Amino acid sequence: QVQLVESGGGLVQPGGSLRLSCAASRSISSFYAMGWYRQAPGKQRELVAIIRSSSSTNYADSVKGRFTISRDNAKNTVYLQMNSLKPEDTAVYYCKANIPTAIGARDYWGQGTQVTVSS
């Protein structure tokens, strides 16, 4: 098992920046992947960015060039640097870890952190 704790959300003006953190309760170096997802009111949860154990990354088209996902294995933490924020980025942001198990893999989720982009 693993516990994931997100932090760094808040209220920011359009064009501003935030950095989200996702701290894991144990080493992330063996995780298959970690990702950031978001869910806006009335919408389905969507993938924002993912980083794999190989350090390869993928981003949603809507955030390419503005968001950057990174990981610090020494701190068991994954980050999401969000620049040039837009009102449509407003959502609850969730961290997810995909972890190997004896029979495959399992997903674990954090509790989420609210990001509000508004003037």
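Buried means under 20% relative accessible area, exposed means over 50%, and partly exposed lies in between (1.4 Å probe, protein chains only). The model is predicted, so local features need pLDDT of at least 70 and side-chain atom pairs count only at pLDDT 80 or more, while totals for chains, interfaces and linings use all residues. Residues are numbered from 1 along each chain as its sequence is written, and side-chain values use heavy atoms, with hydrogens and water left out.

**Exercise 1. Classify serine 55 and serine 84 by accessibility, and describe their backbone.**

Step 1. Find serine 55: it sits in the loop between β5 (46-52) and β6. Strands here are DSSP runs (E, at least two residues) and helices are H or I runs of at least four residues, numbered from the N terminus.

Step 2. Serine 55 has 45% relative accessibility, so it counts as partly exposed.

Step 3. Its phi is near 75 degrees, a positive value in a residue other than glycine.

Step 4. Serine 84 is in the loop between β8 (77-82) and β9 (91-101). With a relative accessible area of 40%, serine 84 is partly exposed. Phi of serine 84 is near 50 degrees, again positive in a residue other than glycine.

**Exercise 2. Describe the fold of the chain and its compactness.**

Step 1. Count the elements: the chain has 0 helices and 11 strands.

Step 2. Compare the radius of gyration, taken over C-alpha atoms, with the globule rule, 2.2 Å times the number of residues to the power 0.38. The chain has a radius of gyration of 14 Å, close to the 14 Å that the rule gives for 119 residues, so the chain is as compact as a globular protein of that length.

Step 3. Add the extent: along its principal axes the C-alpha trace spans about 50 × 25 × 25 Å.

Step 4. Add burial and contacts: buried residues make up 42% of the 119 residues. A contact means heavy atoms within 4.5 Å. Of the contacts between residues at least 6 apart in sequence, 54% join residues at least 24 apart.

**Exercise 3. Place arginine 66 and aspartate 89, and list their surroundings.**

Step 1. Arginine 66 lies in the loop between β6 (57-59) and β7 (67-72). Its relative accessible area is 10%, so arginine 66 is buried.

Step 2. Aspartate 89 is in the loop between β8 and β9. Aspartate 89 has a relative accessible area of 1% and is therefore buried.

Step 3. Look for polar contacts, which are pairs of N or O atoms within 3.5 Å; within protein, one must be able to donate a hydrogen and the other to accept it, and residues adjacent in sequence count only if both atoms are side-chain atoms. A polar side-chain atom of arginine 66 lies 2.9 Å from the backbone oxygen of serine 62. For aspartate 89, a polar side-chain atom lies 2.8 Å from the backbone nitrogen of lysine 86.

Step 4. Set aside residues up to four places away in sequence. Arginine 66 then touches residues including Met82, Ser84 and Asp89. Aspartate 89 is in contact with Arg38, Arg66, Phe67, Ser84, Val115 and Val117.

**Exercise 4. Is valine 115 buried or exposed, and what does it touch?**

Step 1. Valine 115 belongs to strand β11 (residues 113-117).

Step 2. At 0% relative accessible area, valine 115 is buried.

Step 3. Beyond four places in sequence, valine 115 touches residues including Leu18, Leu20, Met82, Asp89 and Tyr93.

Step 4. From valine 115 to serine 54, the separation is 61 residues in sequence and 28 Å in space, C-alpha to C-alpha.
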